[in-house]
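Here are some notes from going through the model, in the order I'd look at things. Have the structure open while you read.

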Amino acid sequence: MSPIPKTAPFAEEEINLLNRVVGPASQIQRAWLAGFLAGLDAPSLPAGTELLPAAPARPAEPITIVYASESGNCEKLANDLAKAARKNGLKPTLIDMADLDLAELTKAKRLVFIAATWGEGEPPARAIRAYGELMGEGAPRLDGVEFGVLALGDTAYAEFCAIGKKIDERLAALGGKRVVERVDCDLDFAVPASAWIGDALKVLTPPDANRGQGNGQVIAVDFGKPAAAPNTDIVEAEISEHVNLNSSRSNKETIHLALAFEGGAPAYEPGDSLDLYAENDPAYVDELLKHAGLAGDDKLRAELIKSRDVTTLSLKTVETYAAQIGHQYVKALLADNQAKEWIAGRQLIDLIATFPIALTADHLRAVTRPLAPRAYSIASSRREVGDEAHLLISAVRYETHGRARKGVASNYAAERLKRGGRVRVKLKPNKHFALPAGDRDIIMVGPGTGVAPFRAFVQERRAIAATGRSWLFFGDRQFTHDFLYQLDWQDALKDGSLTRMDVAFSRDTPEKIYVQHKLWEKRRDLIEWLDGGANFYVCGDAKAMAKDVRAALVRAYADVKALTPEAAEQAVAGLERDKRYLQDTY
Ligand SMILES: Cc1cc2nc3c(=O)[nH]c(=O)nc-3n(C[C@H](O)[C@H](O)[C@H](O)COP(=O)(O)OP(=O)(O)OC[C@H]3O[C@@H](n4cnc5c(N)ncnc54)[C@H](O)[C@@H]3O)c2cc1C
Ligand SMILES: Cc1cc2nc3c(=O)[nH]c(=O)nc-3n(C[C@H](O)[C@H](O)[C@H](O)COP(=O)(O)O)c2cc1C
């Protein structure tokens, strides 16, 4: 029922507006509002007007929430925390670490950091500048600032939650007072993260902020998706195209996957990704079950194929294996501090095959975590393909420790998804990798599958008849065998939706040529485009390519504009600050 009745002395649309605010407000927020309004009008009310008793309005206590996020998880949690803080009578200030001015931290009374780790123990790309400043000598003292840190990560990485851990240590070293213990979350962070938010609010909410309830209890908040969010539920799609874009003579396999949505495609924008819910390779699961002595358990087999991460081998897996099963050699591996080294390049199957012991189904459940979806950049624009979404998926295959390995989701897509089959996906919006206005120029650097979002960009700009110029840098191994979406680019160059394209095929020449070499070669035009206001986008490999591309751009500035290396670095940092240097790397 709406709290403001139709009989209230307001127009109907005003009553609707008020109900939108007051309806979902907490008891504390309503008490504050009542007190505020009473205080506002008391002096000017006609004598004899009766006011309902209400608590006097006091300024809400502040809380500063900083998030360091790349794919949006920490950002979403920070928003959840802000919402919950507001309901508990606090006044949150929400800051993307990309925009953080460290001086703001010194003014904070209560401070929360929610931070993800990327690369191999690195900060999210957007947060690199502020993170460097926080860790640097010039960081301000934070004496007396009450803080708590929530860290997000993935136990599959050696540097699990490294950035959250380092921020937590640093805030304490700068004089901050840790009032909430850090929690390190794995990929299945929803439950521990919302528990941490609840605990943090209990500690960070001053008792008198809860005066509406008077019992110091924290108001629980439903962290469901906001009403205005695009459709981010898991949906099923039919595979309408499944094409390997590499030639049969390539040693790579990159699948163009067209997904058709019956009830309408999720409302994606160019730059967004889809989370794909894959299944494990049945042959791998069968081998695993054989080693575990559980080959006949069909129920377990189905469960493992569908919903458990049966490949990742992390330190946590080894610790759980030792604790649950008590295998003496595994215990020794941990005791000798050799486990971290041993797990490099290995998977769960190696652990069970190397240290065999009869396992139960529950043992296997205990050493596996839920199977997480994998993100894939959307390679199409809805304006061009309607209710479809296209993905470009490179099959991950390699050999380590004498065993052939296959990436779970990419090989599910390459080997087991077929035209006419179905797959489950969920939209993963990325507002930090979006197109600018149509009259602005764009430069896109996307070797390998990094080119996927740029196909969406070009399609979109064609559909809206954008007047800005577009320049694509693409690279792969061989022109003849690995030129992904070659015909699309030729068409786009013909119809003008792509103005320029430069390619680098690393294995066509004795000396390896990559996109960063092409950037350097074209540096004069590149800087001219950037001086004219172009946005610069980089997508694809985070380990080497993204760093090399940035370094090439710094060198280009130094050379073309005759700048010192420091000034050239500042020029690129300026692009980042202005959100004109945008990355989506993995
Ligand atoms: C925002 C975003 C967008 C993305 N877009 C795309 C895209 O458009 N196209 C695309 O193909 N991918 C994309 N990815 C990557 C994708 O999500 C998956 O990570 C990738 O497909 C591998 O998943 P998998 O399940 O096949 O492999 P997994 O089972 O997850 O195995 C991958 C793991 O295997 C190990 N490994 C891989 N190669 C080697 C090697 N040579 N030696 C030793 N170990 C190795 C590493 O530990 C690696 O983490 C994107 C990722 C993100 C975060
Ligand atoms: C390419 C890549 C690299 C990652 N590197 C690490 C890492 O080194 N350590 C870690 O704990 N987590 C790592 N993660 C996991 C992320 O921290 C995790 O997915 C987190 O939820 C992302 O949060 P965000 O969406 O706010 O960026 C990595 C994830 C990806 C996709």
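1. Which helix holds Q459? It's α17, the helix that runs over residues 452-463. Keep in mind throughout that this is a predicted model. As for its surroundings, Q459 counts as buried, because its relative accessibility is 4% and the cut-off for buried is under 20%. If you leave aside the neighbours within four places in sequence, Q459 is in contact with A379, S380, S381, E384 and V385. Worth clicking through those five contacts of Q459 on screen.

2. Next, ligand 1. It has 18 residues around it, and A375, Y376, L392, A409 and S410 are the closest. Four elements each give at least two residues to this shell: β11 (374-377), β12 (388-394), β13 (397-400) and α16 (408-416). Which of them supplies the largest share of the shell around ligand 1? That would be β11, with 4 residues. By class, the shell around ligand 1 splits into 9 nonpolar, 7 polar and 2 charged residues.

3. The backbone has several polar contacts with ligand 1. A polar backbone atom of L392 sits 2.7 Å from a nitrogen atom of the ligand, and for S377 a backbone N or O atom is 3.2 Å from a nitrogen atom of ligand 1. With S394, the ligand's partner is an oxygen atom, 3.0 Å from a backbone N or O atom of that serine. Overall, ligand 1 has 980 Å² of accessible area on its own, and the protein covers 67% of this.

4. Now the other site. Ligand 2 is surrounded by 21 residues, with S69, E70, S71, N73 and T117 the closest. The make-up of this shell is 9 nonpolar, 8 polar and 4 charged residues. Backbone atoms turn up here too: a backbone N or O atom of N73 is 2.7 Å from an oxygen atom of ligand 2, and a polar backbone atom of D154 is 3.1 Å from an oxygen atom of ligand 2. E159 contributes a polar backbone atom that is 2.9 Å from a nitrogen atom of ligand 2. How much of the accessible area of ligand 2 does the protein cover? The figure is 90%, out of the 650 Å² that ligand 2 has on its own.

5. On to α8, residues 282-292, where Y284, V285, L288, L289 and A292 are buried. Seen down the axis, these buried residues fall within an arc of 135 degrees, so they line one face of α8. That goes with the general rule: an α-helix has 3.6 residues a turn, so residues three or four places apart point the same way. A283 and K290, on the other side of α8, are exposed. What do the buried residues of α8 pack against? Their partners are α9 (298-307), α13 (348-354) and α14 (361-366).

6. Both ends of α8 deserve a look. At the N-terminal end, D281 acts as a cap, with a side-chain oxygen 3.1 Å from the backbone nitrogen of A283. Past the other end comes G293, which has a positive phi, near 75 degrees.

7. α5 (residues 128-135) makes a nice companion case, with A130, Y131 and L134 buried. Why do these sit on the same side of α5? Because they cover an arc of only 100 degrees around the axis. The buried residues of α5 pack against α4 (103-107), β3 (110-116) and α6 (162-173).

8. Last, two backbone angles to check. Most residues other than glycine have a negative phi. N337 isn't a glycine, yet has a positive phi of about 60 degrees. N337 is in the loop between α11 (328-335) and α12 (339-343). Is N337 buried or exposed? Exposed, because its relative accessible area is 71% and the cut-off is over 50%. A562, also not a glycine, has a positive phi of about 50 degrees. A562 lies in the loop between α22 (545-560) and α23 (565-577), and at 69% relative accessibility A562 counts as exposed.

How values were computed:
Residues are numbered from 1 along each chain as its sequence is written. Chains are lettered from A and ligands numbered from 1 in the order in which they are written. This is a predicted model: local features need pLDDT of at least 70, side-chain atom pairs count only at pLDDT 80 or more; totals for chains, interfaces and linings use all residues. Side-chain values use heavy atoms; hydrogens and water are left out. Buried means under 20% relative accessible area, exposed over 50%, partly exposed in between (1.4 Å probe, protein chains only). The arc is that of the directions from the helix axis to the C-beta atoms. Contact means heavy atoms within 4.5 Å. A residue is near a molecule or strand if one of its heavy atoms lies within 4 Å of it. A polar contact is a pair of N or O atoms within 3.5 Å; within protein, one must be able to donate a hydrogen and the other to accept it, and residues adjacent in sequence count only if both atoms are side-chain atoms. Accessible areas come from the Shrake-Rupley method with a 1.4 Å probe; for residues, only the protein chains shown count as cover. Ala, Val, Leu, Ile, Met, Phe, Trp, Tyr, Cys and Pro count as nonpolar, Asp, Glu, Lys and Arg as charged, and the others, Gly among them, as polar.
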